Each structure stands twice: as structure tokens, then as C-alpha cells.
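Trainee: I would like a close look at a single part of this protein, the place where its two domains meet the ligand and each other. Please take me through it step by step.

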Amino acid sequence: MEKRNGLRVILFPLPLQGCINPMLQLANILHSRGFSITVIHTRFNAPRSSSHPLFTFLQIPDGLSETQINDDPTSNVMSLLAQINRNAESPFRDCLQNLLLQSQESERISCLIDDCGWLFTQSVAESLNLPRIVLCTFKATFLNAYPILPLLRTQGYLPDSDSKAGDSVLEFPPLQKRDLSRVFGENGEKLDPFVHAIVDTTMRSSGIIFMSCEELEKDSLALANEIFKVPIFAIGPFHSYFSASSSSLFTQDETCIPWLDKQEDKSVIYVSLGSVVNITESEFLEIACGLSNSKQPFLWVVRPGLVLGAQWIEPLSEGLVRSLEEKGKIVKWAPQQEVLAHRAIGGFLTHNGWNSTLESICEGVPMICLPGGWDQMLNSRFVSDVWRVGIHLEGRIERKEIEKAVRILMVESEGERIRERMKVLKEEVGRSVKHGGSSFRSIETLANHILSL
Ligand code: UDX
């Protein structure tokens with residue numbers, strides 16, 4: 001493999017777990033191709049630098065107060081991103097300028113790679129004459145819809161009757177009309193300027209890196225190239241090359257693994273709604289009762305703050321906790337990739353964040369889809385309607401529906417057919433990250449592109 005010694009790449013992740021994981025995995029990929037890595041990061045959700053001794057970490061202020069951080073700013077991701085985008089521009093510019101001034105002839109800074117959710121970085125990079133490549137941490141199909149999202153929101157696409165709720169959104173398949181209100185959320189109109197800015201800055205960039213592959217969305221990747229008119233690099237599920245565990249912001253409960261060791265093959269349903277989604281107390285109780293009534297063993301991640309208004313699992317009665325503990329285990333945060341790879345896991349009740357969806361596909365674990373909003377609405381439609389490797393709950397967070405879905409997936413013959421299709425998908429995606437596969441070849445193309453900048 002050709003080495004690119006003497007070239008440094010600057011990375012700048014958005015400070016969310018679902019964005020930090022892929023960025024640090026990308027850092028590993030590029031480092032393995034000979035690039036030196038500097039990671040600029042905010043104080044909020046700062047990655048653990050000690051877990052990545054090969055990279056240089058530089059912290060910049062983000063303007064958030066202690067109170068804001070302690071009040072869990074991720075409970076409103078849009079407002080968090082807007083604030084950090086306002087506060088971090090000037091410190092980021094200073095930091096990047098200093099790095100460029102200090103860079104030696106023997107180790108040139110070749111480009112900036114940052115998340116498409118940063119709105120100011122393209123202008124800063126242009127003013128400093130530094131090429132910028134965008135990392136998109138969600139599906140290319142979703143980024144392709146950005147130019148039309150404001151139109152879909154304003155032009156009456158929301159279903160006007162229940163009978164139309166299941167109609168496809170023609171401009172945005174396989175999304176259904178009923179999904180649209182959850183894509184935009186309550187303050188949909190606030191998204192428009194954000195989305196416009198992302199489209200504009202991405203078009204001015206020197207390329208887009210997707211954690212995706214041709215096997216999952218060949219046409220969308222070609223379309224992304226047409227829409228954004230920049231080179232596209234689909235280098236596959238990043239964690240296939242390096243584990244993400246070391247970039248976890250929370251302490252992982254390692255007792256999950258010995259507990260799983262005691263369970264039978266493919267018997268356990270893993271339940272996790274990622275790092276950002278929130279649910280109400282009554283939804284939490286419905287999930288708890290559904291799991292308990294299903295009689296299947298389960299491993300359930302209840303992230304502190306997941307349940308609105310609660311610290312952790314205190315809305316559950318002692319009796320219910322006891323009955324849950326007969327069959328299952330509840331933890332605050334799990335080593336998810338290790339869990340999904342465990343022989344005891346047979347299904348994943350997920351919010352369909354793109355990382356979780358990819359991690360599940362890579363381990364061949366079929367899913368029960370409970371998307372919270374935004375890109376998760378699209379990912380879940382692909383899982384249930386296109387790849388047909390999961391069951392969609394259609395937003396029904398009801399004990400009977402959850403019990404039924406768990407039973408279908410884990411014990412009934414329909415579940416077996418879903419599992420078979422998942423096995424095929426896993427193999428296809430697995431081939432793409434092996435030597436000679438489409439994603440593997442894209443890494444080489446990306447490395448050469450960075451070299452040419
Ligand atoms: C968010 C969006 O929801 C997602 O759609 C977008 O693509 C990235 O930002 P998040 O909601 O956190 O991310 O979900 P997801 O993309 O699935 O990322 C969660 C990450 O946390 C995964 O890599 C998962 O392995 C990890 N995780 C989750 C753990 O390590 N332990 C856990 O207990 C739960």
C-alpha cells in the first residue's frame with residue numbers, strides 16, 4: 001500500500017456520539033493509509049484523547065455554559081447545533097490558522113474533513129485556502145433530499161387523511177407521507193436555513209465521504225454526484241475496518257458480555273434508541289411491559305436522560321423491575337458493536353440511527369424499527385420495505401405491538417425469512433469492504449484524492 005507520509009489531515013467532528021464515532025473511525029482509516037491526523041473538537045462531548053494516542057487533539061471553546069451542558073443540551077439537537085455553530089466559528093478559525101502557520105514544509109496540511117452539519121467551516125477553509133471534504137454521517141439518499149426538504153415541508157405533502165398516510169412521497173421514496181411530520185419535527189420551519197446552508201456549503205466542497213456502499217444505495221450515490229457536483233467516496237461501514245468502542249463518550253457496561261455468554265444462540269433481543277432520542281414515561285412503560293410479556297431474554301440500554309423527566313429507570317415499579325430482571329438485563333450504555341456481534345443476539349429493537357442500522361447489517365442482526373425522527377424515518381423504511389430485514393412498528397409504542405413484533409422476529413417463521421434476507425445483505429455489504437470490494441477501492445481513491453489537493 002502506498003504511504004502518504006508527510007501529509008496531515010485536520011478532522012472536526014460534530015459533538016454528538018453518532019458523529020464522533022464515524023469521524024474517529026475515519027481517522028483510523030486515513031492513518032492506516034499513512035496520513036497524520038489532527039482532531040479539532042469542542043469542549044462539549046470532547047472525545048477521549050487518551051484512547052487515540054496516534055492522533056493530535058486540539059480543544060476549542062464552544063460557548064456553552066456549565067448549566068447548559070448539565071441540562072443535557074442534546075435534548076434539543078437543532079438548538080444545540082445552532083448554538084455551537086454560532087459560538088465555535090471564531091475559535092475554529094484561529095485554531096486552523098495557527099495550525100497552517102505552524103505547519104512544516106516536511107508535513108503539509110492537505111485538507112480539512114468535517115461534518116456536513118458544520119455551517120461555517122467551508123467559508124473558513126476557503127478564506128485560508130484549504131480544501132474541505134465533507135463527511136456525511138447518514139445515508140446518501142437522505143442528503144440527496146436536502147435540496148427539496150423545504151419544498152416538501154411547505155407544499156402540502158403531509159397526508160390530509162389516514163388513508164393517504166401510507167402513500168409514497170414520490171420525490172423521496174421509500175419515505176411515506178406519514179413519515180414526513182417526524183422528519184421535520186415540531187419546529188420544521190427552523191430547519192430550512194440550516195438545510196439550505198448545508199446544500200450550499202457541500203456544493204462548494206472538494207468532495208463528500210459517505211459511510212455507505214454501492215451494495216446499499218448505488219443509485220443514490222450516483223445521484224449525489226449529480227446533485228452536489230463534487231467527487232463522492234462511499235467507503236463502506238467505517239467500523240468494519242476499526243472498532244468504534246474506543247470513541248464512546250459514555251462508560252460502557254462491560255457486564256453485558258458475560259451475561260450474553262450465558263444465553264442461548266440468537267435468543268436475545270437487544271434494545272437501544274441511540275444517544276439522542278427521547279421517549280415519554282408512558283412510552284417507556286409500554287416498552288417495558290412489551291419486553292416483559294414477550295418472554296424473550298433482552299438486553300436493554302436505558303441511557304440516563306432517555307426518558308423525559310426521569311433520571312433513569314425510576315418510573316418502573318419495583319414489581320415490574322423484578323419481573324424484567326427475570327428474563328433481561330438493563331444497562332446505561334453498552335459496548336454496542338460487541339453486543340451485536342455476540343452469538344446470543346437474535347434481534348435489535350432500534351431507533352435506526354444510521355450507525356446502529358449499519359452495525360446491525362454488518363452483524364446480520366434483523367431489526368424492529370422504532371425511528372425517532374429525521375433520517376431515522378428513511379433508514380427504517382429501507383430496513384422494512386426495501387431490504388425487508390426488519391419489522392416496522394409504525395410508531396405504535398404499545399405493549400401488545402412490541403410483544404408481537406418481538407415474537408414474530410425471534411420465534412416465528414416470518415422471523416426466519418427476515419433473518420435469511422439479512423444474511424444475504426450482510427454478505428453483500430461484507431464483500432464491499434474486503435480487498436477488491438467497491439468500498440475498499442473507494443478508500444484508495446479517497447487517499448489519492450487527498451494527495452492531489
Ligand atoms: C444520530 C442520528 O440519530 C443518526 O441517524 C445520525 O446518522 C448520526 O447522529 P444516534 O441517534 O446517536 O446518532 O444514533 P446512531 O447513528 O445509531 O449512533 C449511535 C452510536 O452509539 C452507534 O455507533 C452505537 O454503536 C453507539 N452506542 C449506542 C453504543 O456504543 N452503546 C450504546 O449503548 C448505544
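Mentor: The C-alpha centres of domain 1 and domain 2 lie 26 Å apart. The model is predicted, and the domain assignment gives domain 1 as 7-241 + 433-452 and domain 2 as 248-430. Where the two domains touch, 32 residues of domain 1 are in contact with 26 residues of domain 2. On the domain 1 side, the elements that give two or more residues are α1 (17-32), α6 (140-145), α8 (177-184) and α10 (214-228). Of these, α1 gives the most, with 5 residues. Sorted by class, that side of domain 1 has 14 nonpolar, 12 polar and 6 charged residues.

Now the ligand. It is surrounded by 26 residues, of which the closest are Gly18, Gly274, Gly353, Asn355 and Ser356. Both domains take part, since the shell around the ligand draws at least three residues from each of domain 1 and domain 2. Helices α1, α14 (336-340), α15 and α16 (375-386) each supply at least two residues of this shell. By class, the shell has 10 nonpolar, 14 polar and 2 charged residues.

Helix α15 deserves a separate look. This helix covers residues 354-362, and 9 of its 9 residues are buried, so α15 is largely enclosed by the rest of the structure. The buried residues include Asn355 and Ser356, two residues also listed among the closest to the ligand. The others named as buried in α15 are Trp354, Ser360, Cys362, Thr357, Leu358, Glu359 and Ile361. Just after the helix, Gly364 takes a positive phi of about 70°.

On the other side of α15 in the sequence is the loop between β11 and α15, where Asn352 is found. Asn352 has a positive phi of about 60°, although this residue is not a glycine. Asn352 counts as buried because 30 C-beta neighbours lie inside 10 Å, and the cut-off for buried is 20 or more. Asn129 makes a useful contrast. Its phi is also positive, near 60°, and Asn129 is not a glycine either. Asn129 lies in the loop between α5 (121-127) and β5 (132-136). However, Asn129 is exposed, with 7 other C-beta atoms within 10 Å.

Follow β11 back from that loop and you come to its pairing with β8. Strand β8 (residues 268-272) and strand β11 (residues 345-350) pair in the parallel sense over 5 bridges. In that pairing, Val271 stands opposite Leu349 in β11. Strand β8 is also joined by 3 bridges to strand β9 (residues 298-301), and these two run parallel. Here the bridge partner of Tyr270 is Leu299 in β9.

How is β8 covered on its two faces? Val268, Tyr270 and Ser272 on one side and Ile269 and Val271 on the other are all buried. Ile269 can be checked by its count: with 25 C-beta neighbours inside 10 Å, this residue counts as buried. Leaving aside neighbours within four places in sequence, Ile269 is in contact with Gln296, Phe298, Gly346, Gly347, Leu349, Val406 and Met410. By contrast, the C-alpha atoms of Ile269 and Ile232, 37 residues apart along the chain, are separated by 36 Å.

The buried nonpolar residues come next. In soluble globular proteins, nonpolar side chains tend to be buried together. In this model the largest nonpolar core has 127 residues, and Cys136, Ile209, Phe210, Leu299 and Ile368 touch the most other members. Helix α1 gives the most to this core, with 8 residues. The core draws at least three residues from each of domain 1 and domain 2. As one example of the contacts, Cys136 touches Cys116, Leu143, Ile208, Ile209 and Phe210, not counting residues up to four places away in sequence.

To draw the part together, α1 appears at the side of domain 1 that touches domain 2, in the shell around the ligand and in the largest nonpolar core. Helix α15 also supplies residues to the shell, and its own residues are buried. Leu299 is the bridge partner of Tyr270 of β8 and is among the core residues that touch the most other members.

Methods. Residues numbered from 1 in each chain as written. Predicted model: local features only at pLDDT ≥ 70, side-chain atom pairs only at ≥ 80, totals over all residues. Domains from an automatic or database assignment. Contact = placed C-beta atoms within 7 Å. Helix = DSSP H or I, 4+ residues; strand = E, 2+ residues; numbered from the N terminus. Nonpolar A, V, L, I, M, F, W, Y, C, P; charged D, E, K, R; others polar. Buried ≥ 20, exposed ≤ 12 C-beta atoms within 10 Å, placed from the backbone. Near = placed C-beta within 6 Å. Core = buried A, V, L, I, M, F, W, Y, C linked by C-beta atoms within 7 Å. Pairing = 2+ DSSP bridges.
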